[in-house]
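Dear colleague,

Please find below the structure I promised to pass on to you. My notes on what was found in it follow directly after.

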Amino acid sequence: MSGPAAARPRPSNAGWMSELAAADVTPPRREKISDLAASRPFFERMADLSDLPTDVTVEEVTLRERDGTPLTAEVYRPAAPGPHPLLLHIHGGGYCVGSVRGDRKVAMEQAARGYVVVSPEYGLAPEHPFPWAVEDCVFTARWAVSQAESLGADDRGVILEGGSAGAGLAAATMNALLGEGGPLPGAELPGAPEITVRGVVLLYGMLSFPLLYSHSGSNVGSVELWHRAYLGPHYTTKVHDPLASPLYTTQAARWPATYLSCGAEDSFLRHTLEMTTVLAEAGVSTTCSVVADLDHGYAKFNRPPARAEMARIQSWLDSLTEVTE
């Protein structure tokens with residue numbers, strides 16, 4: 001555990017959003033479900049595309065089309081010859097906003113360190129409610145593993161990584177691959193090989209819808225909208241589904257080694273702490289890092305505490321995959 005975990009969550013999201021935007025910003029008002037989609041341009045403008053690694057190739061690929069909606073992904077590859085470990089990076093945004101573009105720099109930095117990274121542009125709610133995004137992410141994992149050789153990746157499995165709701169989707173993908181939640185027709189890829197998950201990285205994860213109510217913190221107001229937009233009008237029947245709230249997994253003992261990280265000032269801290277308990281008590285090799293003086297979204301920050309934490313995560317990944325720079 002890095003630093004004290006006793007800090008209270010900040011009262012609003014203006015601080016970490018301003019840090020991402022590198023300017024003082026006011027979070028958009030979100031009072032109706034339609035406001036979620038309307039706020040997407042605000043979050044797109046916060047994408048940091050400066051100083052991108054130059055030794056990484058970037059390719060957009062179309063994985064499939066479902067009901068008229070294409071599923072695309074960006075693939076980032078190191079310049080050095082492979083095969084390299086395969087990593088699925090899932091962007092955040094409360095299941096309703098965010099994009100691959102917003103996480104491009106983080107994913108490219110992973111690729112520059114020696115990973116083939118696949119980042120899916122999964123369907124957003126409310127247009128594509130649960131479990132659409134989970135199905136997109138599981139499908140992407142199966143596609144990536146089936147294409148490992150052509151991508152320059154090794155065939156020893158995949159690492160699942162995500163931040164915020166992306167961490168929720170990474171955890172849901174893990175649960176789905178273990179059979180939680182029953183069949184997911186939209187996740188099937190005929191002929192895909194069996195998937196081995198080598199490790200999971202959950203950054204400031206959104207891992208429990210019930211905790212969103214009991215510990216809303218800076219997300220008061222958005223919580224109700226996330227429930228209705230993502231889970232639908234009868235969301236109370238789904239809040240404990242392990243594909244919506246991965247904290248409620250019944251397969252924790254089958255998880256691989258997992259690294260959970262959260263800022264001490266983040267309203268999602270309780271999610272990280274409770275998921276850590278679930279995994280550790282199930283006997284999973286579990287690392288939990290709570291970082292002082294950090295709020296949400298810090299994988300994209302340049303401040304020393306954030307960079308130090310990302311370096312710790314990278315060292316953990318490198319030891320897991322035997323990568324050397």
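I begin with the charges of this predicted model. The protein chain carries 25 positive and 38 negative side chains, and 4 Å separates the centres of the two sets.

Next comes the overall form. For 325 residues, a compact globule would be expected to have a radius of gyration near 20 Å; the protein chain has 18 Å, which agrees with that expectation. Along the principal axes, its C-alpha atoms fill a box of roughly 45 × 45 × 40 Å. Eleven helices and eight strands make up the secondary structure of the protein chain.

As for packing, 58% of the 325 residues are buried. Of the contacts in the protein chain between residues at least 6 apart in sequence, 76% join residues at least 24 apart. The surface that the protein chain exposes is about 12900 Å², and carbon and sulfur atoms supply 52% of it.

Finally, I turn to the cysteines. A disulfide is a covalent bond that links the sulfur atoms of two cysteines. How many disulfides does a search of the whole structure find? The search finds zero. For Cys 262, the closest cysteine sulfur belongs to Cys 288 and lies 8.3 Å away, which is too far for a bond because a disulfide requires the two sulfur atoms to be within 2.5 Å. Cys 288 is likewise in no disulfide, as its nearest cysteine sulfur is that of Cys 262. Cys 262 is buried, with a relative accessible area of 0%, and Cys 288 is buried with a value of 15%.

With kind regards

Terms used. Residues numbered from 1 in each chain as written. Predicted model: local features only at pLDDT ≥ 70, side-chain atom pairs only at ≥ 80, totals over all residues. Heavy atoms only, no water. Buried < 20%, exposed > 50% of the residue type's maximum accessible area, 1.4 Å probe, protein only. Helix = DSSP H or I, 4+ residues; strand = E, 2+ residues; numbered from the N terminus. Rg over C-alpha atoms; globule rule 2.2 N^0.38 Å. Contact = heavy atoms within 4.5 Å. Areas by Shrake-Rupley, 256 points an atom, 1.4 Å probe, with all protein chains shown as cover. Lys, Arg positive; Asp, Glu negative; His and termini not counted. Charge placed at Lys NZ, Arg CZ, Asp CG, Glu CD.
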